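Welcome! Please take a moment to look over the sequence and the structure below, and then let us walk through some of the details together.

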There are 2 protein chains.
Amino acid sequence: MQSRLLSAPWTRPAVRAATPRAGRVAVFGGTHGNELSGVALVGMWVKDGAEIQRSGVATTPFIANPRAVERCARYVDTDLNRAFTAENLSALSGDELPYEVRRAQEINRLFGPKGTADAYDVIFDLHNTTSNMGCTLILESSSDHFVLQMVRHVQKACAPAGCSVLLNEHPLLKYSTSRSVAKHPIGLEVGPQPQGVLRSNIFESMRLILKHALDFIELFNCGVEFPACSVDVFRVLERVDYPRDANGNITAMVHPHLQDCDWEPLSSGDPMFQTFDGRTIEYQGPGPVYPAFINEAAYYEKQQAFVTTRRETLSACAVRKLQ
Amino acid sequence: MQSRLLSAPWTRPAVRAATPRAGRVAVFGGTHGNELSGVALVGMWVKDGAEIQRSGVATTPFIANPRAVERCARYVDTDLNRAFTAENLSALSGDELPYEVRRAQEINRLFGPKGTADAYDVIFDLHNTTSNMGCTLILESSSDHFVLQMVRHVQKACAPAGCSVLLNEHPLLKYSTSRSVAKHPIGLEVGPQPQGVLRSNIFESMRLILKHALDFIELFNCGVEFPACSVDVFRVLERVDYPRDANGNITAMVHPHLQDCDWEPLSSGDPMFQTFDGRTIEYQGPGPVYPAFINEAAYYEKQQAFVTTRRETLSACAVRKLQ
Ligand SMILES: [Zn+2]
Ligand SMILES: [Zn+2]
């Protein structure tokens, strides 16, 4: 199946994707141990998983980084959600490996191997952000029509509440996620929620989106055909760092006009940062771009104040279960 | 000087407190290393302190827990802001002591000794909370008329923006803070701001309150007399924990009707928690009480979902510098 990235006008693809049944699904919480909505939901489903079971689907709730969860920290040694590289997954096991690399190998054995026919069909990975991004589905491929159809289904089911779609296919900024072990990886990122805090509104939003996504898989496995459609996404363009001094310390903050304005257009000349001494630094560049992950706590150490995206309309061809 | 805790009607005390000049002032940031407004402000003032200097006052900016700041963690071994007990401060030094206990001893040498005439006059300790508390001054004594007058000055200078006052004189819930080393300890707690995040609005609010507080000290040291006045405070009553299971894991979240409603009245029968399976747990007790630190990230481990307070009006007698 070819990737179809169409700017306007959007045209309907003629093909239909016959996709194998999605019988094995996992829901990961605690890939980052201080993102508590996913930790709490998955913890609850480990005790009683009735809510996430569907006819014709075996859904496994799974705490991805239990040691980080125990410490209520993002990670212990290194970011698990960057650890699923070919190099890490093939490294010789041993206690000298960072904890998260060993854990990535274990997850790869349980839900993979990544890139093989034995891998799980779908992994939902539940994350929270301190950014004001609302509900966001994160996709790793613009040509995964099964996932695009799922996104469309979720968006329709959630309306009028919105659910944004972030597409990260960037050759440098794409990273090796926990969910990448599955054939169809899907991140669910809901915010704003501080690290180490569980907010009921965020918890319930996440729960609802997952419900609709599992409903989609059930319908799909029952043989329902989903007609061709279009999906609006925000494609990752580039990382923007904070202004910093020679020691790497930040010298400016996200400007109050940009703070909390994820997904809103940012054009050349718009305020972007405010220095500690009160000066405004403006965005310069082609635009408008659509920022996301604005002032995310975890990304200070990754030299990222926000990521820019551009809007695109993807076309999803009709999908139906392979007979 | 007697403590005067008056409920309505408030009456003016007849006395005037002649207080020694407050010549030595410190501003602490990073008592908790992941509360970034104080860390950023103090870091800035360490480089250039002109903004916090006043005529007749020597103001020292000071990063209280540099190792925690480096890790962007609340603490390394134990909470520094609970470490200033007589036992810790008199413990025999040595590498086997927790880092924060050694640091508390060092701070006590630099700015104390606590409870002696040699101690600094004022320590402002800058904190952030994930709770929606706005700007809050935290007092440790209802009979510190110098501080009460400062609070009144700050409130008038900030109006119409509000600045709440939390009084923690609770025999069990009061704790041994970093600022308690000084003769006049004052906590400044501003939120909501996630841990590990620096928000420009929170940074600027904190900066402004400290400006007005330092202005007060300058006026006081110049001989200005501040007339008797009253100050409305919220007095700490009790700690309320999350519902938990036998393993200590929480089984409910702060109810959406209570979330973000710090300082608003909570009466018997009002929603307080929402269990994961959707049941509402109501507050039961005499009321109304006024909750604060609702869903503060750092207090999950301290078994506290919020603290209840009651409103009181304190009377501050006139203060003037001792001639
Ligand atoms: Zn995450
Ligand atoms: Zn603090």
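## The zinc site of chain A

Let us begin at a metal. The zinc ion (ligand 1) is coordinated at 2.1 to 2.4 Å by His32(A) through ND1, by Glu35(A) through two OE entries, and by His127(A) through ND1. Please keep in mind that this is a predicted model. Along the chain, the donors of the zinc ion (ligand 1) are spaced as H-x2-E-x91-H. Both His32(A) and Glu35(A) are buried.

What is the arrangement of the four donor atoms around the zinc ion (ligand 1)? The angles they subtend run from 57 to 150°, which makes the arrangement irregular. To count as tetrahedral, four donors would need all angles between 85 and 135 degrees.

## A closer look at His127(A)

One of these donors deserves a visit of its own. His127(A) sits in strand 5 of chain A, which covers residues 122–128. Is His127(A) buried or exposed? Its relative accessibility is 3%, so His127(A) counts as buried; the cut-off for buried is under 20%.

Leaving aside residues up to four places away in sequence, His127(A) touches Thr31(A), His32(A), Glu35(A), Asn81(A), Arg179(A), Leu188(A), Glu189(A), Val190(A) and Met206(A). Among them are His32(A) and Glu35(A), which also coordinate the zinc ion (ligand 1).

## The zinc site of chain B

Now for chain B. Here the zinc ion (ligand 2) is held at 2.1 to 2.4 Å by ND1 of His32(B), two OE entries of Glu35(B) and ND1 of His127(B). The spacing of the donors of the zinc ion (ligand 2) along the chain is H-x2-E-x91-H.

The site of the zinc ion (ligand 2) is irregular, with angles of 57 to 151° among its four donor atoms. His32(B) is buried, as is Glu35(B).

## Helix 4 in both chains

Helix 4 of chain A takes in residues 99–111. At 1.5 Å a residue, its 13 residues should span 18 Å, and the end C-alpha atoms are 18 Å apart, so the two values agree. Its buried residues are Tyr99(A), Glu100(A), Val101(A), Arg103(A), Ala104(A), Gln105(A), Ile107(A), Asn108(A) and Phe111(A). These pack against strand 3 (24–29), strand 4 (58–63), helix 2 (66–71), helix 3 (86–90) and strand 5 of chain A.

In chain B, helix 4 (residues 99–111) has 13 residues with an expected span of 18 Å, and its end C-alpha atoms lie 18 Å apart, which agrees. The buried residues of helix 4 of chain B include Tyr99(B), Val101(B), Ile107(B) and Phe111(B). Among the elements covering the buried residues of this helix are strand 3 (24–29) and strand 5 (122–128) of chain B.

## Helix 5 of chain B

How many residues of helix 5 of chain B are buried? Ten of the 14 are, so the helix is largely enclosed by the rest of the structure. Among them are His145(B), Phe146(B), Met150(B) and Cys158(B). Helix 5 of chain B runs over residues 145–158, and its expected span of 20 Å agrees with the 20 Å between its end C-alpha atoms.

## Two domains in chain A

Finally, let us step back to chain A. It is divided into domain 1 (17–233 + 315–321) and domain 2 (237–307). Taken over C-alpha atoms, the centres of domain 1 and domain 2 of chain A are 27 Å apart.

Where the domains meet, 19 residues of domain 1 of chain A contact 16 residues of domain 2 of chain A. Together the two domains bury about 1400 Å² between them, with 52% of it on carbon and sulfur atoms. On the domain 1 side, Asn132(A), Met133(A) and Leu173(A) lose the most area to domain 2 of chain A, together 33% of what that side buries.

Conventions:
Residues numbered from 1 in each chain as written. Chains lettered and ligands numbered in written order. Predicted model: local features only at pLDDT ≥ 70, side-chain atom pairs only at ≥ 80, totals over all residues. Heavy atoms only, no water. Helix = DSSP H or I, 4+ residues; strand = E, 2+ residues; numbered from the N terminus. Expected span 1.5 Å × (residues − 1). Buried < 20%, exposed > 50% of the residue type's maximum accessible area, 1.4 Å probe, protein only. Donors = N, O, S within 2.8 Å, 3.2 Å for Na, K, Ca; no water. Tetrahedral: all angles 85-135°; square planar, octahedral: opposite > 155°, others 65-115°. Domains from an automatic or database assignment. Contact = heavy atoms within 4.5 Å. Buried area = accessible area lost by both parts, 1.4 Å probe.
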